[in-house]
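Here is a short note to read alongside the structure. Please keep the view open and find each element as it comes up.

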Amino acid sequence: MKNSRRRKQNRTGGIFKLILFLIFLGLAWIGFGRGFIAGHMPSSERKELAEWLEVSGDEVRMYLNNEADFTDTAYYTGGKLYLPIDYVHDKLNSRFFWSDTDELLSYTLPDETVDIGMSSVRDGAAEILERDGRYFVQADTVAAYSHIVITAFCGEDEAAKRVFIDKSGTNELTASIKGKTQLRTKRDVRSPLLCELDKGESVKVTDRNDTWCSVVTDTGYSGFVRTKKLSEPVEQTVPDNYTEPEVKHTLLAEKVVLAWHGIYGNAANAELEGMIADASSHINVISPTWIQISGADGSYINYSSSEYIAKAHAAGCKVWVCVDNFNQAAAVSDFNTGTYFKSAANRRDFIARLMQDAASYGYDGFNLDFEGISPSAGESYAQFFRELSVECRKAGIVLSVDNYVPYNFNDFYRMDEQGVFADYVVVMLYDEHTKEPGSNSSLQYVDYGLDECFKDVEPERTIAALPLYTRLWSTDSSGTSRSETMGIKAAAAYAESNGMTVEFDELSGQKYAELVTGGVTKQLWLEDADSLAAKMNVVKENNAGGIALWRLGYDTSDIWSVLDYRTQG
């Protein structure tokens, strides 16, 4: 009996323990399990698109190549979409040039410059509008001249306006939805959903991993979907609906061999025949430094001579007149390239004066040599040479533009745009060292400069400018260095008369001369027929369109046969 009672008590105790365990599981479920599952259950919360895009009223969220820009907005008003002009220039098409001075947007084509002002109308609506001190241009105007595709969701019935701008030629991934799913604001099922996606819908895939993909729908929603809900993406290329008009360049029938002639007064024009006595049978272009800006108002001194041009033509040379901004002291101190050329009225007055001189004297072309301009002046300068190129084409004369060797810090000279509009782009392959001793123009520098130029300009329209001078460097015992310019003849004479030790420097491709006297180290990296021949080999290997030489008067008679590139290459 005792065992029977003991078994009964054990059963009762076991049942009681089971009940307590079940109660514990229930409480655990309430406290943890339900929360755990709830924390992993897809959210049904919806995010309003306007809140998601952070726009209201007539604001338009912009997407570039399917990436949202939350730092700026476009506007939709009067049935038209307007894009910020600075955004257009910086991110879509830098050829659009805006002048606050004139409240004028200009776009240069090969044969004309299109001006769009505050009174311009396109399709019955203002082409430009101003809002809170900023200026906006119709998106249709931008598309008319740009390699872009615009897809806008901006109707009056759109609660949140947005525009997708894709650059032509960009590769995109597209996929289709494999089964009904949701587009969410984050890579998390607990995040709010933006919309439902049905099987078969097409989306652009902008980013993906094994779990989630960032996508843009055909209806203009951007967000995240589960990767398993997408078909395997395929690559497509954004089409190009714009055909760039052809720029027809005026080129010589042979390679260019140009020599600059430094002229700083009318009397120097009489020196032409003596200057080209050795060179005339080897060159085909002379560029006299005739036009020198002399004032803040864009005035310039012009030393042009009809007699000089006639003599140059008789010697078989074209005359490309050099226009510079640094030979007159007033230009250096007072003339602001960026401010002056930002004004359309100034640009066009300056160009009109140049073209009048060209017609009066019979110039064969221009050579622009603007040096020392600031980064802020780059776009104004670019618009100037674009517009000048149009007038040169109409007149059938050549436009060449001089440049430093390209680096990131001077890319505001817009060699890329010169490569489109100028007939020839000149790269000055000298002044390699100006602050510390070193070669003025080493072989490596020549090779590098040409390679960089060719990124923006075809070789056949690139002119390699070579020096007929070097620098004598003097470094004192404190380590302070200074230099003076010496022509080929003067440098060779200096080295010989001072008994300098001369040896060949393979790295620079030049003869190197050195002398220590009175605690001062004298150094010369000499230019001569041999060093120029080595540079010419680089020019020929790259099949450049020509060479230019700074300058007549620095030369020696033995160099010209080495430099005769006219029918070579």
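1. A word on the source. The model is predicted, and the points below should be read with that in mind.

2. Strand β3. This strand covers residues 80-84, and 5 of its 5 residues are buried, so the rest of the structure largely encloses it. Burial here means a relative accessible area under 20%. Look at the two faces in turn: one side carries Lys 80, Tyr 82 and Pro 84, the other carries Leu 81 and Leu 83, and all of these are buried.

3. The partners of β3. Strand β2, residues 67-77, pairs with β3 in the antiparallel sense over 3 bridges. Strand β10, residues 134-138, also pairs with β3 in the antiparallel sense, over 3 bridges. Tyr 82 can be used to locate both pairings: Tyr 82 is the bridge partner of Tyr 75, and in β10 the bridge partner of Tyr 82 is Gln 138.

4. The turn between β2 and β3. How many residues lie between the strands of this hairpin? There are 2, and Gly 78 takes a positive phi near 60° in the hairpin.

5. Helices α9 and α10. Two packed helices are described by the angle between their axes and the distance between the axes. For α9 (residues 344-361) and α10 (residues 378-395), the angle is about 35° and the axes are 10 Å apart. The crossing of α9 past α10 is right-handed. On the α9 side the contact includes Phe 350, Ile 351 and Leu 354, and on the α10 side it includes Phe 384, Leu 388 and Ala 395. Charged residues take part as well, among them Arg 347 and Arg 348 in α9 and Glu 387 and Glu 391 in α10. By class, the residues of this contact divide into 8 nonpolar, 2 polar and 4 charged.

6. Aromatic pairs. The structure holds 34 of them. In one, the ring centres of Phe 335 and Tyr 340 are 5.3 Å apart and the planes are at 50°, so the pair is tilted. Tyr 340 also pairs with Phe 341, and that pair is edge-to-face, with 5.2 Å centre to centre and 75° between the planes. Are these three rings' residues buried or exposed? Phe 335 counts as buried at 8% relative accessibility, Tyr 340 at 5% and Phe 341 at 0%.

7. The wider cluster. Phe 335, Tyr 340 and Phe 341 belong to one aromatic cluster, whose other members include Tyr 300, Phe 370, Tyr 404 and Tyr 413. Phe 350 and Phe 384 are in this cluster too; Phe 350 in α9 and Phe 384 in α10 also belong to the helix contact of point 5.

8. Asn 410. This residue is found in the loop between β26 (398-404) and α11 (415-421). Asn 410 is buried, with a relative accessible area of 10%. Leaving aside neighbours within four places in sequence, Asn 410 is in contact with Tyr 404 and Val 405.

9. The open sheet. Which order do its 5 strands follow? The order is β30-β29-β33-β32-β31, with antiparallel pairing. The edge strands, β30 (481-487) and β31 (501-505), each pair on one side only. From one strand to the next the twist averages 20°. Within the sheet, β29 (residues 469-475) and β33 (residues 520-526) pair over 4 bridges, and Leu 472 stands opposite Leu 524 in β33. Helix α13, residues 488-497, packs on the sheet and touches β29, β30, β32 and β33. The direction of α13 makes about 115° with that of β30.

Notes: Residues are numbered from 1 along each chain as its sequence is written. This is a predicted model: local features need pLDDT of at least 70, side-chain atom pairs count only at pLDDT 80 or more; totals for chains, interfaces and linings use all residues. Side-chain values use heavy atoms; hydrogens and water are left out. Buried means under 20% relative accessible area, exposed over 50%, partly exposed in between (1.4 Å probe, protein chains only). Two strands pair if DSSP finds at least two bridges between them. Axes are lines fitted to C-alpha atoms, for helices over the stretch in contact, and angles run from 0 to 180 degrees between N-to-C directions. A crossing is left-handed if the near helix is turned anticlockwise from the far one by less than a right angle, and right-handed if clockwise. Contact means heavy atoms within 4.5 Å. Ala, Val, Leu, Ile, Met, Phe, Trp, Tyr, Cys and Pro count as nonpolar, Asp, Glu, Lys and Arg as charged, and the others, Gly among them, as polar. Rings of Phe, Tyr and Trp (its six-membered ring) pair if their centres lie within 6.5 Å; planes under 30 degrees apart count as stacked, over 60 as edge-to-face and the rest as tilted.
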